[in-house]
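Dear colleague,

I am passing on a structure that I would like you to look over when you have time. My notes on it follow below the entry itself.

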Amino acid sequence: MKVKYYIELLFVCVSSLAFLSCSNTIDWANKTEVILHHDILKNAEWAMSENPQTITDFRCDRSAGGIHDFYSEGDYWWPNSEDPDGPYIRKDGQTNPDNFVAHRLAMIRFNKIVGALASAYLVTGDEKYVKQAFVHINAWFTDSLTRMNPNLLYAQAIKGVTTGRGIGIIDTIHLMEVAQGIICMENAACVDKENLRAIKNWFSEYTNWMTTHENGIDEMNAQNNHGACWVMQLAAFAKLTEDKDKLDLCRIRYKNILLPQQMAEDGSFPQEIARTKPYGYSLFNLDVMTTICQILSTSDDNLWEYTTSEGVNMKKGIDFMYPYIKDKTSWTYPQDVMYWDNWPVAQPSLLFAAKAYNDETYFDLWKSLDHSPAVEEVERNLPVRNPLIWLK
């Protein structure tokens, strides 16, 4: 009888501890939905009225690729006034407004549409949003007339210098929320499973290209935000395709390469601070690194808590930037040469950190910031604009 008594007592104690643990855990998805509910339905209403538009709708004569090849030009490259017909020259941080960006803008639009529709589906459960999303998804990945080839051979080309660079792989950060949106919608009854396999196969082909082509290897080894963006993208796409080996590769690179080599002991990113837009790039790289943690963390391997031998961890990164997000006038480094007045916005790093560390201080600051930025430069450097699909 005593044994039975102690077993029952142990059960009561464990249950009580579990209850206390649960009662202290905030439902961050619900809190986020409350803040964004109106915007989610408004954005979905817009997305329901939009027709597909892919890279095949835009052509640049300077592209060395074909109609199905994504093409963009390096943002900070300009004509040389001393040699107008010669190769372009670099002006770091200064965006050339005459460069071809139509494919990137089409991809950002695609991102917005799928993210909005996936968010609305999570909020309402209405499969009309799923059906509309897959009209756009199929146009980009499965329709032979309008699909994009699964590589970025011709991204961020430079006139007179190169037809495409590994650095251009950063352009597909805007496919991440497409992949995550598919994850949120793939179990809906209206989704054709054979078609879904074809879509996932596109992402498998792209991740294989990212990890084997010399451009992909170059980007993987980049020592600033580009290397972090490579990991972030591969993680997002490998999550969709359930590629365990690539997910493990991403975790290893975060622990052994990104965190120890890019973050200083005070939580700053020295290579971003050294740029001509140190504030914007610091915000961007923090968003990227925290998104990596959000995608890859598991109960057995929590990247949010991982600390290097030098004592560096993601909490330090958040706490370094937090006061500068709260009060930009306290920024102690040079101001950005462009777009200084357009940052910060509702940085996903704050929301993800609020969830990871169960800290409403971060959430309250995120809640107070702009959730619908319309400046092109900001949209280009915002990897997560539909946070609900990452939390549900």
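Is helix 8 mostly covered or mostly open, and how many of its residues are buried? Before turning to that, please bear in mind that this is a predicted model. Of the 17 residues of helix 8, 16 are buried, and the helix is thus mostly covered. From its first C-alpha to its last, helix 8 reaches 24 Å, which is close to the 24 Å expected at 1.5 Å a residue. Just after helix 8 comes E242, which takes a positive phi of about 55 degrees.

Helix 8 also takes part in a pocket, the second largest, whose volume is about 280 Å³. Of the 21 residues that line this second largest pocket, Y76, Q156, I167, H226 and Y281 are the closest to its centre. Two elements, helix 8 (225-241) and helix 11 (278-296), give two or more residues to that lining, and by class the lining has 7 nonpolar, 7 polar and 7 charged residues.

The largest pocket holds about 510 Å³ of space, and among the 24 residues that line it, those closest to its centre are N43, H371, S372, R385 and N386. Helix 2 (28-48) and helix 3 (102-124) each supply at least two residues of this lining, with helix 2 giving the largest share, 6 residues. In the largest pocket the lining divides into 13 nonpolar, 5 polar and 6 charged residues.

With best regards

Notes:
Residues are numbered from 1 along each chain as its sequence is written. This is a predicted model: local features need pLDDT of at least 70, side-chain atom pairs count only at pLDDT 80 or more; totals for chains, interfaces and linings use all residues. Side-chain values use heavy atoms; hydrogens and water are left out. On a 1 Å grid over the protein atoms alone, a cavity is a set of points where a 1.4 Å probe fits but cannot get out, and a pocket is an open set with protein on both sides within 12 Å along at least five of seven lines; lining residues have an atom within 4 Å of a point. Grid points are joined across faces, edges and corners, and a volume is the space filled by probe spheres set on the points. Helices (H or I, at least four residues) and strands (E, at least two) are DSSP runs, numbered from the N terminus. Ala, Val, Leu, Ile, Met, Phe, Trp, Tyr, Cys and Pro count as nonpolar, Asp, Glu, Lys and Arg as charged, and the others, Gly among them, as polar. The expected span of a helix is 1.5 Å times one less than its number of residues. Buried means under 20% relative accessible area, exposed over 50%, partly exposed in between (1.4 Å probe, protein chains only).
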